[in-house]
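Work through the following exercises with the sequence and the model side by side, and attempt each task before reading its solution.

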Amino acid sequence: MPQTTTVAGLSLDRLERITRHLDESYIQPGKLPGAVTLVARHGEVVWTRAQGLMDVERNKPARRDTIFRIYSMTKPVTSIAMMQLYEQGRFLLDDPVHKYIPSWKNLSVYKAGAWPDFQTEPAAASMTIRDLLTHMSGLTYGFLERTNVDAAYRQLKLDGSGTLTLDKLIDRLAELPLEFSPGTAWNYSVSTDVVGYLVQVLSGQPLDDYFQEHIFAPLGMTDTGFQVPEDKLDRFAACYLHQPGNTMKLQDDPARSRYLRTPAFLSGGGGLVSTVDDYHRFAQALCQGGEYAGQRIIGRKTLAFMRSNHLPGNQDLPALSIGAFSETPYEGNGFGLGFSVKTDVAKSHTNGSVGEYGWGGLASTNFFIDPEEDMVVIFMTQLIPSSSYPVRQELRAMVHGALV
């Protein structure tokens, strides 16, 4: 039999299964426009592929330097920014949020009714910064469409609109009830947007300037930000929306996208665009204990703390989650300070390692870091919602199957 080529303990032949699988199962049938995938191990990019189209309407092939909307893959960046300030003694995780946002001092919890006539009761505990970082704050997202509280978020356009700003979001949230008392349950939410606001308060810098100075510039992330400059428009992907019958339609045309304009709302929960190589620099820094190419963005012990499971009693997400939405499968996964964390491989029903951590985005992008295998995987595509297909689990099976 011919010798298979291995690099950094990964079989390149087996990694090519990813190319074939994505092409045959998703791209050719018209389920996904295209994808860019990167696998790195022991600090080295072992394998990367751009396939399919980044813009179906213009018949533009996906490229390694394609710029993607990463949506909630912004959250780990914001969480790292916040914990950089933690390392400087600017706050403690158990600090009440109202210490920094005084209007949040008397937050209430939903009992009955609909906006604007809610019946509420006082929260049993003050919301802490830790509650924000772990999504145990009692906040929610309008798109979850589960309760009368998230209906109010939709009516007030708190998931993003042309007029929303971070200040407006904070003011509006002060007037709305929480879904539950902070610290008692897990619910995916605008919590990380509030963390982004706190980064501004604590640092005295706008969030985009803070990211640029303390994360993007040190790591050489030249294609990551809250908007796409005109000179990079030709690399900006189109975004698609999943349709019944496993088809898709254009959701955001890159030539007319809001990402071409300076945003009023700097969303630490979902506002960034990036490339597979830029995001790899960020993820590789985390995989290497907080440092990449001689630039340290976070302390080794701080990062170990962040990627521990912070859910009470080391429980996993199903034990505490009140909603059905997440960017990770629930079983066998806990949550740290900004990432999901795999706590039980068998229970998760997906190959991997205990301690693997990462997150995904609304348009089906995903990344994970496997510290046990010293491996980073980044997957970029543009299809909303991320729950359309089980690509993430399939990708994990194929990548781990390539380890020799």
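**Exercise 1.** At what angle do helix α5 and helix α6 pack, and how far apart are their axes?

Solution. The model is a predicted one, and in it helix α5 spans residues 166–175 while helix α6 spans residues 191–203. The two helices pack at an angle of about 120°, and their axes lie 10 Å apart. As a next step, the handedness can be added, for the crossing of α5 and α6 is left-handed. On the α5 side the contact is made by Leu 166, Asp 167, Leu 169, Ile 170 and Leu 173, and on the α6 side by Asp 193, Val 194, Gly 196, Tyr 197 and Gln 200. Sorted by class, this contact has 6 nonpolar, 2 polar and 2 charged residues.

**Exercise 2.** Determine how many cavities of 30 Å³ or more the model holds, and describe the lining of each.

Solution. The count comes to 2 cavities at this cut-off. The largest cavity holds about 50 Å³ of space, and its lining consists of Leu 32, Ser 364, Leu 383, Ser 386, Tyr 389, Val 391 and Arg 392. By class, that lining has 4 nonpolar, 2 polar and 1 charged residues.

Turning to the second largest cavity, its volume is about 40 Å³, and the residues that line it include Pro 33, Gly 34, Leu 53, Met 54 and Ala 62, together with Phe 68, Ala 237, Ala 238 and Gln 382. Here the classes come to 7 nonpolar and 2 polar residues, with no charged residue in the lining.

How values were computed. Residues are numbered from 1 along each chain as its sequence is written. This is a predicted model: local features need pLDDT of at least 70, side-chain atom pairs count only at pLDDT 80 or more; totals for chains, interfaces and linings use all residues. Side-chain values use heavy atoms; hydrogens and water are left out. On a 1 Å grid over the protein atoms alone, a cavity is a set of points where a 1.4 Å probe fits but cannot get out, and a pocket is an open set with protein on both sides within 12 Å along at least five of seven lines; lining residues have an atom within 4 Å of a point. Grid points are joined across faces, edges and corners, and a volume is the space filled by probe spheres set on the points. Ala, Val, Leu, Ile, Met, Phe, Trp, Tyr, Cys and Pro count as nonpolar, Asp, Glu, Lys and Arg as charged, and the others, Gly among them, as polar. Axes are lines fitted to C-alpha atoms, for helices over the stretch in contact, and angles run from 0 to 180 degrees between N-to-C directions. Helices (H or I, at least four residues) and strands (E, at least two) are DSSP runs, numbered from the N terminus. A crossing is left-handed if the near helix is turned anticlockwise from the far one by less than a right angle, and right-handed if clockwise. Contact means heavy atoms within 4.5 Å.
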